[in-house]
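Ready for some practice in reading a protein model? Work through each exercise with the structure open beside you, and try the task before you read the solution.

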Amino acid sequence: FSTATAATEEPITPPVQINYTQLLINGQFVDSASGKTFPTFDPRTCDVIAHVAEGDAEDINRAVSAARKAFDEGPWPRMSAYERSRILLRFADLIEKHSDELAALETWDNGKPYEQASKAELPLNFVKGPTVSNVIDCDTMFGYKFRSSTNAGWADKIHGLTVPADGPYHVQTLHEPIGVAGQIIPWNFPLIMFAWKVGPALACGNTIVLKTAEQTPLTALYVAKLFHEAGLPPGVLNIVSGFGPTAGAALASHMDVDKIAFTGSTATGQIVFELAAKSNLKPVTLELGGKSPFIVCEDADVDKAVELAHFALFFNQGQCCCAGSRTFVHERVYDEFLEKSKARAMRRIVGDPFKSGVEQGPQIDSEQFEKVLRYIRSGVESSATLECGGGRLGSKGYYIQPTVFSNVQDDMLIAQDEIFGPVQSILKFNDLGDVIKRANATRYGLAAGVFTNNVDTANTLSRALRAGTVWVNCFDVFDAAIPFGGYKMSGVGREKGIYSLHNYLQVKAVVTPLKNP
Ligand code: ADP
């Protein structure tokens, strides 16, 4: 790992200041009711970056009251769709203006490569305009698009139906905002998760209480501030930083929250679902874990397949719910694929995420770092072959060597559990019917990758795989219009595009006699 600089060099000073660390309730930055704070850490060094107000049940109550008032009495749900749309567009412009600072803050708090945050995640997720195609052209691997301009465009396209009911009645449906939306997001893509949740909820006219992940509270506060600069009325978007079992659970079980949306682990998703059911039966959308197959067929161009499979797993330090974490390779190309995958992983540039050219930064925190190392040990113990990597990188921060296992069997823990780290598991197959069964033999069903030049194979696999997304000869393409979500224990409901609007709308049937009785 001659490319790794993590251990030896002084960390680069992030080019950004931290201005917002309080809770954002009713348009104001405020301390938590208890006055408590918690530290957020730099994953490069394990040093504290800032102390952030720690929201608890009482702060959730305050935030929900503000959101309730903004929904019941405020202008937001009553505003014309055009006005809402204009505020979302102004917000997109502000994001563009501040994208360098936001990308720096995201890298500092999360550890992801700055170039990835600034060139791909921000422009493609928040900002409208020509930068999108520029970025896609210069880095075709990144297809992220979830621009707030897209949601601005939806705001005036939400309409009901007229229903041809039997009898002398005029029947119409009204699609109304659902009310106060609770949203709980994870740490792996703090800004993208914010965008996927907040955009459609606002476009539909809802108000929001959003709880960020305790590992990455900083960027959402900054972005929410920009939303207010863009003209969002107070109380429409409230941000509570804090921990899951306290603030998160209080939000999921709140009697005055009308809907809860959650992204995170499957185990926590089950808790959130239960809290929602036990309290007021609020509807729930969940985007959870995965163990996505990436299937390399016998006709594949091996060099391209190696690069794409590498990207599918290692992108974002392997911390993607849809990571292609079971690489199934046809026996005819297996040996060549394996050698080249190992060489590619060994060439991967790991180091300070602020340094230009770095592909992989540190894992998010000590818990995830230790968990990934435990899974690597489990792979070795279960007699998968460790081809490269396998340990920590350097002595400071949460860096892990890009790791490749071959000879992985379906029943090994590393082939069943979500590792959420830079650990590629390569499995061999020899028959399409067999790989379909094996790919589907998991409790998850978030995504799948298929690599083939044969259109029949592509069609057969994309229909047979039980997953919310099948990427054929591509991976991680996240255009704003493409729905994303899971089958089985990978989730409930879909985010992005037209499908995401259904999560934030109530349907009201209005029935009127054609003639007054
Ligand atoms: P991870 O294990 O990767 O950190 P989690 O699913 O625990 O993923 O976290 C995702 C989000 O869920 C975070 O914002 C976290 O604070 C929140 N969370 C964790 N536990 C709970 C809980 N019991 N109730 C509600 N939210 C929770």
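Two residues are in contact if their C-beta atoms, placed from the backbone, lie within 7 Å. Keep in mind that this is a predicted model.

**Exercise 1. F405 and its surroundings**

Task: Find the strand that holds F405, decide whether F405 is buried or exposed, and list its contacts beyond four places in sequence.

Solution:
- Step 1. Look along the chain: F405 belongs to strand 15, which covers residues 403-406.
- Step 2. Now count neighbours. A residue is buried if 20 or more other C-beta atoms lie within 10 Å of its own. F405 has 26 C-beta neighbours inside 10 Å, so F405 counts as buried.
- Step 3. Set aside the neighbours within four places in sequence. F405 is then in contact with G379, A384, T385, L386, E387, I414, V423, Q424, S425 and I426.
- Step 4. Try one distance as well: C388 is 17 residues from F405 in sequence, and their C-alpha atoms are 7.5 Å apart in space.

**Exercise 2. Strand 13 and its partners**

Task: Work out which strands pair with strand 13, and explain why strand 13 is largely enclosed.

Solution:
- Step 1. Begin with strand 12 (residues 292-296), which runs parallel to strand 13 and is joined to strand 13 by five bridges. Within this pairing, I295 has F328 of strand 13 as its bridge partner.
- Step 2. Next comes strand 16 (residues 423-429), which pairs with strand 13 in the parallel sense over four bridges. Here I426 of strand 16 stands opposite T327.
- Step 3. Trace the connection between the parallel strands 12 and 13. With helix 11 (residues 302-314), strand 12 and strand 13 form a right-handed β-α-β unit.
- Step 4. Check burial. Strand 13 spans residues 324-330, and seven of its seven residues are buried, so the rest of the structure largely encloses this strand.

**Exercise 3. The largest nonpolar core**

Task: Which residues of the largest nonpolar core touch the most other members?

Solution:
- Step 1. This core has 136 residues, and V209, I295 and V296 touch the most other members.
- Step 2. Ask where the core residues come from: helix 7 (residues 190-203) provides the largest share, 10 residues.
- Step 3. Return to I295. Leaving out neighbours within four places in sequence, I295 is in contact with F328, V435, A439, G449, V450, F451 and L461. You have already met F328 as the bridge partner of I295.

**Exercise 4. Around the ligand**

Task: Describe the shell of residues around the ligand, and say which helix gives the most to this shell.

Solution:
- Step 1. There are 17 residues around the ligand, and G244, G248, G264, S265 and T268 come nearest.
- Step 2. Helix 9 (244-252) and helix 10 (266-279) each supply at least two residues of the shell. Helix 9 gives the most, with five residues.
- Step 3. Sort the shell by type: 10 residues are nonpolar, five are polar and two are charged.

**Exercise 5. An open sheet and the residue after it**

Task: Find the edge strands of the sheet with the order 5-6-20, then decide whether L514 is buried or exposed.

Solution:
- Step 1. The three strands make an open sheet with antiparallel pairing. Its edges are strand 5 (162-163) and strand 20 (505-513), each of which pairs on one side only.
- Step 2. Strand 6 (residues 169-177) is joined to strand 20 by nine bridges. Look for T173, whose bridge partner in strand 20 is A509.
- Step 3. Move on to the segment after strand 20, where L514 is found. A residue is exposed if 12 or fewer other C-beta atoms lie within 10 Å. L514 has 8, so L514 is exposed.
- Step 4. Beyond four places in sequence, L514 is in contact with P168, Y169 and H170.

**Exercise 6. Positive phi values**

Task: Where do L281 and N473, two residues other than glycine with a positive phi, lie?

Solution:
- Step 1. L281 has a phi near 55 degrees and lies in the loop between helix 10 and strand 11 (284-287). With 8 C-beta neighbours inside 10 Å, L281 counts as exposed.
- Step 2. N473 also has a phi near 55 degrees. N473 lies in the loop between strand 18 (469-472) and strand 19 (491-492), and is partly exposed, with 15 other C-beta atoms within 10 Å.

Technical notes
Residues numbered from 1 in each chain as written. Predicted model: local features only at pLDDT ≥ 70, side-chain atom pairs only at ≥ 80, totals over all residues. Pairing = 2+ DSSP bridges. Right-handed = clockwise from strand over helix to strand, strands pointing away. Near = placed C-beta within 6 Å. Nonpolar A, V, L, I, M, F, W, Y, C, P; charged D, E, K, R; others polar. Core = buried A, V, L, I, M, F, W, Y, C linked by C-beta atoms within 7 Å.
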